[in-house]
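These are notes for a colleague who has not looked at this structure before. They go from the sheet to the core and then to the ligand.

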Amino acid sequence: MDKESIINQVLLGDVRIRVADIPDHNIQSIITSPPYFGHRQYAGEDVSEKEIGRENSLDLYIENICTCFEAIKPKLRDDGTLWLNLGDTYRNKELLGVPWRVAFALKEKGWILRSDIIWKKPNAMPSSVKSRPTTDHEYIFLFSKTKDYYYNADAIREPHVTFTEKSKMRGGRNHLGKKNGTPERGKNSGNQNLHDGRWDQAFHPKGRNKRTVWEIPLGKFRGAHFAVYPESLVETCLLASTQKDDVIFDPFTGSGTTGVVALKYQRKFIGCELVKYYQEMAQKRIDAIVVQPRLF
Ligand SMILES: C[S@@+](CC[C@H](N)C(=O)[O-])C[C@H]1O[C@@H](n2cnc3c(N)ncnc32)[C@H](O)[C@@H]1O
């Protein structure tokens with residue numbers, strides 16, 4: 001398929017095969033959540049042997065995930081990134097450590113691991129376990145293809161918490177640049193307390209640099225697919241790693257959350273989904289936005 005006709009399409013089928021339709025060096029960011037090991041089954045018997053997550057062993061699951069991302073890699077721009085959301089699995093009352101095992105395997109394949117992020121779910125499903133804490137988090141790994149990748153820290157800064165508006169520290173944040181106020185960046189007036197990192201944390205006008213624990217409630221679009229991730233999780237990844245008109249790819253599209261957010265922010269989207277029912281659902285959601293962009 002050519003570069004333009006594939007835009008805003010959700011390809012139907014196994015991503016390891018369908019990815020061949022995407023031109024090389026086309027994608028700026030991959031934002032995705034593959035099926036977790038041994039959790040739900042999404043596919044019927046017709047395509048079940050191609051479904052990721054149904055493998056008999058964890059080793060095979062990891063191998064299959066790696067094959068998917070190796071097939072996608074040439075399609076990613078050299079300054080592109082991969083945001084990978086994964087949860088863990090218990091087997092015989094033992095935690096398998098799946099997310100980190102996948103992360104290590106991808107590192108072995110040459111992906112550069114830049115960050116591990118904890119997605120904390122304040123409204124996670126309660127559980128009846130009494131012999132361990134209840135799990136209320138998953139992982140998001142940020143990988144890059146090369147060391148020189150696009151990342152816009154300013155787009156996802158978060159509110160300062162260390163110093164309040166009334167902070168006694170040289171006038172607080174409201175006194176930037178004023179006489180006897182807080183010095184501007186790099187001009188610490190000999191005050192070693194205000195090295196760049198501290199300045200960034202306390203006084204950067206757009207907020208402090210994004211942290212690695214993201215508290216995001218599960219989203220509303222839950223009825224349609226078993227494992228929909230929240231739009232604001234995608235938003236954070238998207239804003240940090242892409243600009244207007246960049247192409248975002250979700251190899252495991254599901255209900256199409258990544259695509260919906262991509263279009264909302266004037267990015268281009270390509271998806272892939274193995275199960276026809278979900279592929280159609282995602283395509284419909286995307287088409288509705290393309291036809292009526294003013295809804296957003
Ligand atoms: C965890 S869900 C993604 C949910 C999505 N993030 C959303 O918000 O709706 C993973 C999806 O991957 C699909 N899938 C499984 N194996 C696949 C394969 N080999 N190629 C493409 N998609 C696959 C499943 O059918 C499922 O819909």
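1. The sheet. Eight strands form an open sheet in the order β1-β10-β9-β2-β3-β7-β6-β8, and their pairing is mixed. At the edges stand β1 (9-12) and β8 (213-215), each of which pairs on one side only. On average, neighbouring strands of this sheet are turned by 20° against each other, direction ignored. Please keep in mind that this is a predicted model.

2. The protein as a whole. There are seven helices and 10 strands in the protein. Of its 296 residues, 31% count as buried. Contacts between residues at least 6 apart in sequence were also examined: 65% of them join residues at least 24 apart.

3. Strands β2 and β3. In the order of the sheet, β2 is followed by β3. Strand β2 covers residues 27-32 and pairs with β3 in the parallel sense, over five bridges. One pair to look at is isoleucine 31 with its bridge partner in β3, tryptophan 83.

4. Tryptophan 83. This residue belongs to strand β3, which runs over residues 76-86. Is tryptophan 83 buried or exposed? Tryptophan 83 counts as buried because it has 25 C-beta neighbours inside 10 Å, and 20 or more are enough for that label. Apart from neighbours within four places in sequence, tryptophan 83 is in contact with Ser29, Ile30, Ile31, Ile140, Leu142 and Cys237. Threonine 32 is 51 residues away from tryptophan 83 in sequence, yet the two are 6.4 Å apart in space, C-alpha to C-alpha.

5. The nonpolar core. In soluble globular proteins, nonpolar side chains tend to be buried together. Here the largest nonpolar core has 50 residues, and Ile30 and Trp83 are those with the most contacts inside it. Strand β3 gives the most to this core, with five residues. Ile30 is also among the contacts of tryptophan 83.

6. Strand β9 and its partners. Strand β9 pairs with β2 in the parallel sense over two bridges, and isoleucine 30 stands opposite phenylalanine 249 in β9. The pairing of β9 with strand β10 (residues 268-273) is parallel too, over four bridges. There, isoleucine 248 stands opposite phenylalanine 269 in β10.

7. The faces of β9. In a regular strand the side chains alternate between the two faces of the sheet. Which residues of β9 are buried on each side? Val247 and Phe249 are buried on one side, and Ile248 and Asp250 on the other, so that both faces of β9 are covered.

8. Helix α5. This helix spans residues 231-241, and its buried residues are Leu233, Val234, Thr236, Cys237, Leu238 and Ser241. An α-helix has 3.6 residues a turn, so residues three or four places apart point the same way. The buried residues of α5 pack against the strands β2, β3, β6 (112-120), β8 and β9 (247-250), and against α6 (257-264). Cys237 is one of the residues in contact with tryptophan 83.

9. The ligand. How many residues surround the ligand? There are 23, of which Tyr42, Phe252, Gly254, Ser255 and Thr257 are the closest. The shell around the ligand divides into 14 nonpolar, five polar and four charged residues.

Key
Residues numbered from 1 in each chain as written. Predicted model: local features only at pLDDT ≥ 70, side-chain atom pairs only at ≥ 80, totals over all residues. Buried ≥ 20, exposed ≤ 12 C-beta atoms within 10 Å, placed from the backbone. Contact = placed C-beta atoms within 7 Å. Pairing = 2+ DSSP bridges. Axes fitted to C-alpha atoms, helices over the stretch in contact; angles between N-to-C directions. Near = placed C-beta within 6 Å. Nonpolar A, V, L, I, M, F, W, Y, C, P; charged D, E, K, R; others polar. Core = buried A, V, L, I, M, F, W, Y, C linked by C-beta atoms within 7 Å.
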